[in-house]
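Student: Please choose one part of this model and take me through it closely, in one connected account. I would also like to know how far the prediction can be trusted.

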Amino acid sequence: MKFRNVSAVVLVATAALTTAACSGSSSGTSSGGDGKSFEFWSFTGINAKGSLAEYTTKRPDIKVKLTEVGNAQETAQALTTALAGGKVPDLVLIQGDDLPKFVQQSQNFVDLRTMGADKIKGDYLDWVISQSTTKDGAIIGIPTDVGGMAIAYRADLFKDAGLPTDREEVSKLWPTWDAFIETGKKYKAATGKAFVDNAGGSVYSQVVNQGQEKYYDSAGNPVYDRSPQVKAAFDQALKAVAAGITAKQSTFTDGWSAAMKKGDFAVIAAPVWMLGAIRDNAPDTTGKWDIATIPGGSGNWGGSFLAIPKGAKNPKAAWDYIAATQSPQGQLDHFAQARSLPSTPSVYKDPKLTSVKDPFFSGAPVGTIYTNSLLGLKPFLIGPDSTTIGTEFTNAIQNVEQGKGDPAKAWDAAVTNIKNAIGG
């Protein structure tokens, strides 16, 4: 999964494929196909091959043709093209920000209630399953994960800068985003190095995912150009740029990976799906990282859904896969293996989740940290153009960060680009 640096490659890492070590049969049935094989489109970067190997070890009778299409946006575009052409996969992974446009085209997908989704929809966070539910009650996707948020930091670099290293003490450094930036200034003054990787992903994209209204209001009307939460997030990112605390390294680029390895920045936005990316990009830094609470304490950034297109040849086999891997127990087992945060709240107090401590991140209790970031959350509505809108805002921030844009004109430029892109 890629970093949802909404500016370029959106959310492959958001979408950790929750294939668990459990097996089972579906709670519903469907005609069509042989029930023993299916074609699956997924994202790159989330180890879908490994996840499927785990599944087929338990179900050796099932044959799966996996296509890792590209990043999340590219996968969604390929699905759009396939739906128009009539040749579709049996199963597809869709990131949460891209889901609304497909919900609007629900006639192109199997209503999963016919497969048994009506019997299990109560297993999932209500605000998550509602994202894949149409106004007339059809369910077109089953949620695989959610994106609780936190901040990952290099404890060794904090020590060198004379800052606290204990995760609770570090969390106290930044009760607000202004305090986060002030901490960054102290770090840079002490070390001469950048504090955070970039402003678009690690500041804007975190702040904007903490409010109750983002790019659309509760009625589904676009409000990106007048949303207080969006403007506050944008301004906060520009403050970080002006403070000179960013490394100007766009997420998931080669430069970002190299800078992470060298310790050229000490802090990175860490929604739960980012943990694997940090581990993969800087494997020699094990035990040097830790995880602190995000400024403001809560928020959600990410999540994906498994859907079955209406033209699928083997919908029953695809549903069997969903039923076997996305149960509460399945998602819990996969969290222990891959840190994909369950969308099933019944497991949030399970010792298999609360007791998980990640040695790469100095033994941080990741299960507790990330589920706590979801408590009391009142999520915002995601609309059909949320991905495009977020991309343009982060592009504008990146332009300023790279010295190519005027901070005084950046907001208006972003809004203009959004209107040109989506109309209106």
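Tutor: Two strands are said to pair if DSSP finds at least two bridges between them, and the elements themselves are DSSP runs numbered from the N terminus, with helices (H or I) of at least four residues and strands (E) of at least two. Residues are numbered from 1 along each chain as its sequence is written, and side-chain values use heavy atoms, with hydrogens and water left out. This is a predicted model, in which local features need pLDDT of at least 70 and side-chain atom pairs count only at pLDDT 80 or more, while totals for chains, interfaces and linings use all residues.

The part I would look at is the open sheet, in which 5 strands follow the order β2-β1-β3-β8-β4 with mixed pairing. At its edges stand β2 and β4 (142-143), each of which has a single partner strand, so that one side of each is left without a neighbour in the sheet.

Starting from the β2 edge, strand β2 (residues 63-70) pairs with β1 in the parallel sense over 7 bridges, and within this pairing K63 in β2 stands opposite S37. Strand β1, which spans residues 37-43, is mostly covered, since 6 of its 7 residues are buried, where buried means under 20% relative accessible area, exposed means over 50% and partly exposed lies in between (1.4 Å probe, protein chains only). On to the next strand, β1 and β3 (residues 91-95) also run parallel, joined by 2 bridges, and here W41 stands opposite V92 in β3.

The sense of pairing then changes, for β3 and β8 run antiparallel and are joined by 4 bridges; one of the positions that fixes the register is Q95, whose bridge partner in β8 is S304. The pairing of β8 with β4 is antiparallel as well, with 2 bridges. At this edge P143 stands opposite F305 in β8, and I142 has L306 as its bridge partner in β8.

Strand β8 also repays a look at its side chains. In a regular strand the side chains alternate between the two faces of the sheet. In β8, S304 and L306 point one way whereas F305 and A307 point the other way, and all of them are buried.

Following the chain out of β8 (304-307), one comes to the loop that leads to α13 (315-325), and N314 has its place in that loop. N314 is buried, because its relative accessible area is 11%. The C-alpha atom of N314 is separated by 8.9 Å from that of P89, although these two residues are 225 residues apart along the chain.

As for trust, pLDDT is the predictor's confidence in each residue, from 0 to 100. The mean pLDDT of the protein is 89, and 91% of its residues reach 70 or more. Over residues 1-31, however, pLDDT stays under 50, even though the model has 158 contacts beyond four places in sequence for this stretch, a contact being heavy atoms within 4.5 Å. Where pLDDT is low, the predicted coordinates should not be read in detail.
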